[in-house]
Amino acid sequence: RAYWRQRMLYRALRQSCDRVITVSGSVRSHHLRRSGLSANKVVTIHNGIELDRFTAPTQEQREALWASFGVPQDAPLIVAVAVLRAAKGVQHLIDAAPAILRSQSEARVLIVGTGSYESSLRERVTALGIGDRVIFAGHREDVPVVLSAGDVFVLPTLRDALPTVVIEAMAAGTPVVA
């Protein structure tokens, strides 16, 4: 079924579109290989962000943010920001958390976002017995500050062309594991 849907999509693109926009060179190459689209019809426009939103927080801002989550000031903070669905791979971060916590006993994992997979992720955290180290922060409007305040950003996405949040974490100056 997916095969035929893909074929119909590419046929529609070939016949009906003047341009097809992709977010990365690898996505462009993928579509050129599979679609039969002419190379001059497929262009890449990379995701963009507003860099001025990503400034390092003051020590006071960082301390206030960490305190709001109950994170000790000396604890390493691992941040993940995603729509909580299986394809974002946050379950893999949760599965890795016990090993991380064995080597960094004070570490905390902060998961920012909401979605249909949240209850499954919470259940997994409970089953692993790490509920005191994993914080579900829900939807946040201050993602640039959260990214800047973290020690490392993790996005174990299983399939993503060019996740904007990875670019945002880089702009925030936070090391990225993706």
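Is Asp142 buried, partly exposed or exposed? Let's start there, everyone. Asp142 has a relative accessible area of 24%, and that makes this residue partly exposed, because buried would mean under 20%. Please keep in mind as we go that we are looking at a predicted model.

Asp142 also has a partner. Its side chain meets that of Arg140 in a salt bridge, with 2.7 Å from N to O. Arg140 is partly exposed as well, at 22% relative accessibility.

Let me step back and show you the whole protein. There are 7 helices and 7 strands. If you walk along from the N terminus, the elements go α-β-α-β-α-β-α-β-α-β-α-β-α-β. The C-alpha trace spans about 60 × 40 × 25 Å along its principal axes. Of the 178 residues in the protein, 40% are buried. Here is a number about how the chain comes together: take the contacts between residues at least 6 apart in sequence, and 67% of them join residues at least 24 apart.

Now back to salt bridges. How many does the count come to? The count comes to 5 salt bridges, and I'd like to show you two more of them.

One is between the side chains of Arg62 and Asp151, at 3.4 Å from N to O. Find Arg62 in helix α3, which covers residues 59–68, and then look for Asp151 in the loop between α6 (143–149) and β6 (152–154); the two are 89 residues apart in sequence, so this pair ties together parts that are distant along the chain. Arg62 counts as buried, at 19% relative accessibility. Asp151, with a relative accessible area of 34%, is partly exposed.

The other brings together the side chains of Asp160 and Lys88, and here the N to O distance is 2.6 Å. Again the pair links distant parts of the chain, 72 residues apart: Asp160 sits in the loop between β6 and α7 (164–171), while Lys88 sits in the loop between β3 (77–81) and α4. Which of these two partners is buried, then? Lys88 is, with a relative accessible area of 12%. Asp160 counts as partly exposed, at 30% relative accessibility.

That loop with Lys88 leads us to α4, so let's turn to helix packing. Two packed helices are described by the angle between their axes and the distance between the axes. For helix α4 (residues 90–103) and helix α5 (residues 118–128), the angle is about 10 degrees and the axes are 10 Å apart. With that angle, α4 is roughly parallel to α5, because anything under 35 degrees counts that way.

Which residues make the contact? From α4 we have Val90, Gln91, Ile94, Asp95 and Pro98, and from α5 we have Leu121, Arg124, Val125 and Leu128. Sorted by class, the contact has 6 nonpolar residues, 1 polar residue and 2 charged residues.

One last stop: the aromatic rings. A search of the whole structure turns up 1 aromatic pair. The partners are Tyr3 and Trp4, with 5.1 Å from centre to centre and 80 degrees between the planes, an edge-to-face arrangement. Trp4 counts as exposed, at 52% relative accessibility.

To finish, two places to revisit on your own screens: the buried Lys88 and the exposed Trp4. Thanks for listening!

Definitions and conventions. Residues are numbered from 1 along each chain as its sequence is written. This is a predicted model: local features need pLDDT of at least 70, side-chain atom pairs count only at pLDDT 80 or more; totals for chains, interfaces and linings use all residues. Side-chain values use heavy atoms; hydrogens and water are left out. Axes are lines fitted to C-alpha atoms, for helices over the stretch in contact, and angles run from 0 to 180 degrees between N-to-C directions. Helices (H or I, at least four residues) and strands (E, at least two) are DSSP runs, numbered from the N terminus. Angles under 35 degrees count as roughly parallel, over 145 as roughly antiparallel, 65 to 115 as roughly perpendicular and the rest as oblique. Contact means heavy atoms within 4.5 Å. Ala, Val, Leu, Ile, Met, Phe, Trp, Tyr, Cys and Pro count as nonpolar, Asp, Glu, Lys and Arg as charged, and the others, Gly among them, as polar. A salt bridge is a side-chain nitrogen of Lys or Arg within 4 Å of a carboxyl oxygen of Asp or Glu. Buried means under 20% relative accessible area, exposed over 50%, partly exposed in between (1.4 Å probe, protein chains only). Rings of Phe, Tyr and Trp (its six-membered ring) pair if their centres lie within 6.5 Å; planes under 30 degrees apart count as stacked, over 60 as edge-to-face and the rest as tilted.
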